[in-house]
Structure formats: C-alpha cells, structure tokens
Amino acid sequence: MITLKDIRIAVNQQLAKTGIGINSRDVQEGFDRPSFFVQLTNNTRSGYEEQVYRSATVQIYYFPSDRYEFAIEVLNMQETLEELFDLKLAVKDRLLNVDEFSSSIGDGVLNCQFDLEFYDGKIDDEDVELMEELHISRE
C-alpha cells in the first residue's frame with residue numbers, strides 16, 4: 001500500500017536530482033537559499049471493500065538564491081520542475097499520474113503544485129488458512 005510518506009519520499013528523490021537542498025523544518029525558523037520546501041495538502045481517502053481511493057496535492061516551494069533578484073533563476077527552476085514531474089511520479093513499484101501541474105510566483109518564491117490520484121489495494125493482515133475441501137452432509 002502506498003502511504004503519504006512514500007509519496008513525500010518520491011517527491012524528495014525527484015527534487016534531489018536538482019542538487020538543491022530540501023527544508024524539513026518550518027520555513028519561519030529560517031533556512032538556507034536556494035532550497036525547497038515540500039507539503040502534501042488536500043489529502044483524501046475513501047475506503048471500499050477491497051481497495052482504497054487516495055488523492056493529494058503536492059506543493060513545492062522554491063526559495064531562490066537571491067531574495068530580490070530572482071526572475072531568471074525562478075523561470076529556470078519552473079521549467080526544471082515541469083520536466084521532473086511530467087506525466088508520472090514513481091512511488092514504490094507504481095507510476096502515479098501527475099495531474100494539473102501549475103505554478104505561481106509570490107514574494108519571490110516559486111510555488112508549484114500538482115495532484116495525484118490513485119487506487120490501492122487493501123492489506124489483508126489476517127493470516128488465515130484458505131479452505132481446500134468442503135464436505136456437505138445432506139439429511
């Protein structure tokens with residue numbers, strides 16, 4: 001089964017390809033530049049008898065090297081992220097569809113986001129022996 005932690009790890013592995021650090025603490029505590037901050041939002045889960053529907057929005061914030069002169073650097077990173085998260089995201093042994101990739105710039109920070117939706121099988125933790133033969137006695 002794919003967990004939110006698995007998704008976060010897969011996103012971080014893709015971001016690591018840029019060679020830029022990923023912040024794991026609260027942005028308000030201070031951080032190095034350039035760097036990324038990753039968040040999973042709008043998480044939903046609906047259970048069915050044999051499977052689970054999951055969806056989440058992945059938000060990636062990119063803080064450029066210079067807080068005041070960032071235009072070209074941010075555009076380059078936007079294109080890099082579009083290429084890294086194009087169509088599919090490898091999570092464990094699955095490829096999840098990347099939907100609705102969008103980006104915006106606010107206060108000198110690049111905000112990219114995309115949606116993931118997938119169905120996953122439920123884990124059957126019971127170690128029950130399957131029935132092999134059924135004997136019926138009729139009266």
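The paragraphs below move from the overall fold to the nonpolar core and then to two individual residues. This is a predicted model, in which local features need pLDDT of at least 70 and side-chain atom pairs count only at pLDDT 80 or more, while totals for chains, interfaces and linings use all residues. Residues are numbered from 1 along each chain as its sequence is written, and side-chain values use heavy atoms, with hydrogens and water left out.

The protein has two helices and six strands, taken as DSSP runs (H or I of at least four residues for helices, E of at least two for strands) and numbered from the N terminus. Read from that end, the elements follow the order α-β-β-β-α-β-β-β. The radius of gyration, taken over C-alpha atoms, is compared here with a globule rule of 2.2 Å times the number of residues to the power 0.38; at 21 Å it is well over the 14 Å that this rule gives for 139 residues, so the protein is more spread out than a compact globule. Along the principal axes, the C-alpha atoms fill a box of roughly 90 × 30 × 25 Å.

Buried residues, meaning those under 20% relative accessible area (exposed is over 50%, partly exposed in between, with a 1.4 Å probe and protein chains only), make up 34% of the 139 residues. The largest nonpolar core has 26 residues, and those with the most contacts inside it are Ile7, Val11, Ile60, Leu81 and Phe85; such a core is a set of buried Ala, Val, Leu, Ile, Met, Phe, Trp, Tyr and Cys residues joined through side-chain atoms within 4.5 Å. Among the elements that give two or more residues to this core are helix H1 (4-16), helix H2 (71-84) and strand E6 (109-121), and E6 gives the most, with five residues. Leaving aside neighbours within four places in sequence, Leu81 is in contact (heavy atoms within 4.5 Å) with Leu15, Phe36, Ile60, Phe101, Leu110 and Cys112.

Two residues illustrate opposite degrees of accessibility. Gln14, found in helix H1, is buried at a relative accessible area of 16%, and, not counting residues up to four places away in sequence, Gln14 touches Leu84, Phe85 and Leu89. Glu132, by contrast, lies in the segment after E6 and counts as exposed at 74% relative accessibility. From C-alpha to C-alpha, Glu132 and Asn43 are 41 Å apart in space, and 89 residues separate them in sequence.
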